[in-house]
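Please take a moment with the sequence and the model below. The paragraphs that follow lead through a few places in it, one after another.

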Amino acid sequence: VTPENSLKWKALERAPGQYDFRAADAFVAFAEAHGLKAIGHTLLWHESTPAWGERGPDGADPTAEALLGRLRTHVAAVVG
């Protein structure tokens, strides 16, 4: 089984640095309780990017370096 959206950026980190793994944890617990294998899914997807991830504090586009930093931080937190 796959969690689809519960492991994507918008679902896990609605605000910078504020992670909520409850839905993802519940999914894995369900799979384990029913003898199912949980398969990871896409962590980053253009339609599941939180608004804050695509914009700077002033509403402008972030620099490439800032965006890559956000992506790296998020992936490290989720996978780590």
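In this predicted model, S48 is in contact with N5, K8, W9 and K10 once its neighbours within four places in sequence are left aside. The residue S48 itself belongs to the loop that runs between α2 and α3 (51-54), and because its relative accessible area is 11%, below the 20% under which a residue is called buried, S48 counts as buried.

Two of the residues that S48 touches, K8 and W9, are also among the contacts of L43, which further include L7, H74, V75, V78 and V79 when residues up to four places away in sequence are not counted. L43 is in turn part of the largest nonpolar core, a set of five residues in which it is joined by L7, L12, A24 and V78. In soluble globular proteins, nonpolar side chains tend to be buried together.

Turning from the core to the surface, one finds a nonpolar patch of about 260 Å², to which V1, F30 and L36 contribute. Of these, V1 is placed in the segment that comes before α1 (9-12), and since its relative accessibility is 44%, V1 is classed as partly exposed.

A last stop is A23, a residue of helix α2, which spans residues 22-33. With a relative accessibility of 48%, A23 counts as partly exposed, because that value falls between the limits of 20% for buried and 50% for exposed. How far from A23 does E65 lie, taking their C-alpha atoms? The two residues are 42 residues apart along the chain, and their C-alpha atoms are separated by 30 Å.

Terms used: Residues numbered from 1 in each chain as written. Predicted model: local features only at pLDDT ≥ 70, side-chain atom pairs only at ≥ 80, totals over all residues. Heavy atoms only, no water. Patch = residues over 30% accessible without salt bridge, like charges linked within 9 Å, V, L, I, M, F, W, Y side chains within 5 Å. Areas by Shrake-Rupley, 256 points an atom, 1.4 Å probe, with all protein chains shown as cover. Salt bridge = Lys/Arg side-chain N within 4 Å of Asp/Glu carboxyl O. Helix = DSSP H or I, 4+ residues; strand = E, 2+ residues; numbered from the N terminus. Buried < 20%, exposed > 50% of the residue type's maximum accessible area, 1.4 Å probe, protein only. Contact = heavy atoms within 4.5 Å. Core = buried A, V, L, I, M, F, W, Y, C linked by side-chain atoms within 4.5 Å.
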